[in-house]
Amino acid sequence: MEPTVLAQLIINGILLGGVYALAAFGLSLIFGVSGVLNLAHGEFLMVSGFIVYLLFDTWGWNPFLLVALVTPLFFLIGYFFEKGLIKPLGFRKEHVRLASAMLVTLGAALIIEDVAAFASKDVQFEKSIDFFLPTWVVGQLYFPTLKLLVFGLVLVLIVGLFLFLKYTYLGLAIRAVTQDRRGALLNGVDILRVNAIAFGIGSLLAAAAGGFEVIHSVVAPNIGLPLTMKYLCIIVMGGLGSFLGVALGGVIIGLGESFVGFYYPAWGQTVAYLLLVVILLVRPKGLFGE
Amino acid sequence: MEANRGQFILMTALSFSLGMLLVGSAVEAQQKEILIGGTTSQSGRFLGIVKPFRKLAEVWAQRVNKRGGLYLSRLGKSLPIRFVLYDDQSSPRIALKFYERMATVDKVNAFIGPFSSFITNAALQATVTHKIPFFMSEANDSIMFQKPNKWRTTGLAPAQWEYKRVAEFYQRTGGVKTFALLAWDNLHDKQAMEGLGDWLRKFGFEVVYQNVAPKDTRDFSSIILKIKQKKPDVVFVEAISPPWTIGFLKQARELGLNPKDVIAGHASLAVIKAMGKSMENVMSGMYSFAGETPDHKEYLAICRAAGFEPWQFSESGIRYNTYRRIEDALQRAGSLDKEAIRQAMWETNLPLFGGKMVVKHDARGYGTLYPWPTQIQGGKHVSLWPLDKGVNVHRFKNGKW
């Protein structure tokens, strides 16, 4: 293999991993704090992309400005989603709560998908914004600007989340709930509020990823669940609840897809699941799981 | 005694058969309209390609009914046409459910097929069960023709013929030698791409890359890198799914894939809108060509009455072809007897577009229609056919996104 091709495959894989990690962070945060596997996570991404597209189509504003406007709304959507649908399950036995929460979020995902498909009848099923940022080219290597921006955002998020979790009361509370829900409760942490805030932040991150997807690629009502499955692979591979694990898991899957897709495109989408199985066989708790 | 009992059974059976025949004829004679049942994808992944087809069917039926309906000679009267159309949500499972319903509840006289081979493949089950003539429309993958089924025919040529004229086009215009081909992993798209590969090789071109990628592919960077390595003159991407095509083209632009020409097999309005000016000079295809025949005028008229221009939904040309096949078969059958319609459907020999296209069916049930080359110029498809007339001049994309 030519060195430039090898380098380009690595660049593509790492940047793709960054794209995956952005949304997977949110799923990991929600799972880590509340123990709920939010199967509607990809739907928040899709709906955010849908809204950014509609606003762009109506007003023609800069799509990045629209992403910045739309994303915070998803904090509220996630917050109230938890309050309305997850919180009522909170006083059941733990295993019943987890199973019920999965079913509730799966149901919500299917409903959101159907509503989005219905709402697309008079517009377009697939939404994609015609906006192009010139690619940064160094010699024979291509660095897509949009993916670089997302990767930068992921790095900022890692540092930001680290500082937030380490130095703020809410961050400490989140960590406490993640480590021991009962212990946190006994120490006066309002775990219901922390759960809702985690859902809010997680949904906000999914919405940011949705904004990226509609500019860079395409968003359609049926993309949510397949994406959630991929993010799930990433967080399980990285170790449930570990942000560094999510970033590394994203990059591993990105690199895997990049290399396998180069030689065998038909297997490009399966590699995430194969890598997950391999890593779990070697290290059942995931790369950074405790 | 034995003979008498045998005669009695025979007489009873004959009387019953005659009675059923008379009842059947009476029911047929009482029928006040011709019911054509089908599904269209009014939601789901194919919406961007077939959105106005429901309206198109209604417009066509209105125009036929305005002329007094279709004359059925054996009934001695004209009957209006009415479509019974459901939304299959781009799902084979849902489509089959509705075709079953149309056979048992709506009791349609004939079926018109849904969009795509993979939905049609499921829907065909209903025609086997209920023995109702099935006019397939946008479906030509070989999987549906492997088993004999006398109740279905398509107006389309086999999927492998889909891009024959594209290969001919480059042979006649020259200027390119090598091709890279990529298809969505789906019934039809794979065969259409394989067919193009075969035609290109036959015409002396070199195919330097040919592959399929899964339907959920969202990142094409590795595939694009591989194609760049092969340095093809022309890149061809075939997907009946607009999101897939959009994803590939956007990333090709981003990663500097700049061939002399780009062909997007199904450049629907959704694709053109998502890509904006970057779609300029991208090659594609439509199921019609430039001309002024009565068929051209009629096709244009029904599209406009349905609220769109033919180029915006390029598969609409297949629909027009299917409506004409239905009209022709019903009139030749002269009745609503399903066997008579089925027979007439197979015996189609219909000259369209000034005789430049004759719809016939081969022994398997395939038709003769396949697309003519177009190019996106000024944000819309323009026909590059017929070549000798020089209707519109082809422009190489030359890597300008």
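**Buried loops, a helix and a hairpin in chain B**

Student: Why is His188(B) called buried?

Tutor: His188(B) has 27 C-beta neighbours inside 10 Å, so it counts as buried, because the term asks for 20 or more other C-beta atoms within 10 Å of a residue's own, with 12 or fewer making it exposed, anything in between partly exposed, and the C-beta atoms placed from the backbone. This is a predicted model, in which local features need pLDDT of at least 70 and side-chain atom pairs count only at pLDDT 80 or more, while totals for chains, interfaces and linings use all residues. Residues are numbered from 1 along each chain as its sequence is written, and chains are lettered from A and ligands numbered from 1 in the order in which they are written.

Student: Where does His188(B) lie, and what is the sign of its phi?

Tutor: His188(B) sits in the loop between strand E8 (178–184) and helix H7 (189–202) of chain B, where helices (H or I, at least four residues) and strands (E, at least two) are DSSP runs numbered from the N terminus. Its phi is positive, about 80°, although His188(B) is not a glycine. Most residues other than glycine have a negative phi.

Student: What makes Ser116(B) count as buried or exposed?

Tutor: Ser116(B) has 28 C-beta neighbours inside 10 Å and therefore counts as buried. It lies in the loop between E5 and H5 of chain B, and its phi is also positive, near 90°.

Student: How do you know whether the length of helix H4 of chain B agrees with its number of residues?

Tutor: The expected span is 1.5 Å times one less than the number of residues, so the 15 residues of H4(B) (92–106) should span 21 Å, and the 20 Å between the end C-alpha atoms agrees with that. Among the buried residues of H4(B) are Ile94(B), Phe98(B) and Met102(B), and Lys107(B), which follows the helix, has a positive phi near 50°.

Student: What makes E13(B) and E14(B) a pair of strands?

Tutor: Two strands pair if DSSP finds at least two bridges between them, and strand E13 (residues 349–352) and E14 of chain B have four, in the antiparallel sense. Asn349(B) stands opposite Lys360(B) in E14(B), and the hairpin has four residues between the strands, with Phe353(B) taking a positive phi near 50°.

Student: Which side chains of E14(B) are buried, and which are not?

Tutor: Along E14(B) (residues 357–360), Met357(B) and Val359(B) point to one face and are buried, whereas Val358(B) and Lys360(B) point to the other and are not. In a regular strand the side chains alternate between the two faces of the sheet.
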